[in-house]
Amino acid sequence: MEEKYEVYEFYKREIYRIGWRVQYKAKKIRNKENLLSEAIPNSSDFTKDSDNKILISQLLERLPLKGKLIMEQIYIQGQTEKEVAHNLQISQQAVNKWKRKMIYELSMIVSC
């Protein structure tokens, strides 16, 4: 009887671990940033595409260097916050704070 209980507990723990891994992977996928190039609708008009790229580069130029690097790596290159943190040798929390600060700053620039 005790052996059946041990087997039951073993499989119960394994199912719990598998469920946790699935939830973790789903959360990781859900939190992955959208690339800026995916947000801009595809058009066959070369002029609009060029204008959008110029506008984006002009907006990014108005940001501090570190903020510009973070925004480019996340939204243009498609890296995760963790990857950017590793590249810049700062914490992921710092990357997130910079990202939020730069988004706010960009919104203030555009609204003026």
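**Exercise 1.** In this predicted model, classify glutamate 14 as buried, partly exposed or exposed, and then work out how glutamate 14 and arginine 17 are related in the chain and in space.

*Solution.* Begin with accessibility: glutamate 14 has a relative accessibility of 25% and therefore counts as partly exposed, since that class lies between the limits of 20% and 50%. Arginine 17, with a relative accessible area of 39%, is likewise partly exposed. Next, place the two along the chain: they lie three residues apart in helix H1, so about one helical turn separates them. Finally, check the distance: their closest N and O atoms are 2.7 Å apart, and the two residues form a salt bridge.

**Exercise 2.** Determine which residue forms a salt bridge with lysine 99, and state whether the partners are buried or exposed.

*Solution.* The partner of lysine 99 is glutamate 81, with 2.7 Å between the closest N and O atoms. This pair links distant parts of the chain, because lysine 99 belongs to helix H6 and glutamate 81 to helix H5, 18 residues apart. As buried means under 20% relative accessible area, lysine 99 at 8% counts as buried, and so does glutamate 81 at 11%.

**Exercise 3.** Identify which helix gives the most residues to the largest nonpolar core.

*Solution.* The core has 12 residues, among them Ile56, Ile70, Val84 and Met102. Helices H3 (46–61), H4 (65–76), H5 (81–88) and H6 (92–111) are the elements that each give two or more residues to this core. The largest share, four residues, comes from H4.

Key. Residues are numbered from 1 along each chain as its sequence is written. This is a predicted model: local features need pLDDT of at least 70, side-chain atom pairs count only at pLDDT 80 or more; totals for chains, interfaces and linings use all residues. Side-chain values use heavy atoms; hydrogens and water are left out. A nonpolar core is a set of buried Ala, Val, Leu, Ile, Met, Phe, Trp, Tyr and Cys residues joined through side-chain atoms within 4.5 Å. Buried means under 20% relative accessible area, exposed over 50%, partly exposed in between (1.4 Å probe, protein chains only). A salt bridge is a side-chain nitrogen of Lys or Arg within 4 Å of a carboxyl oxygen of Asp or Glu.
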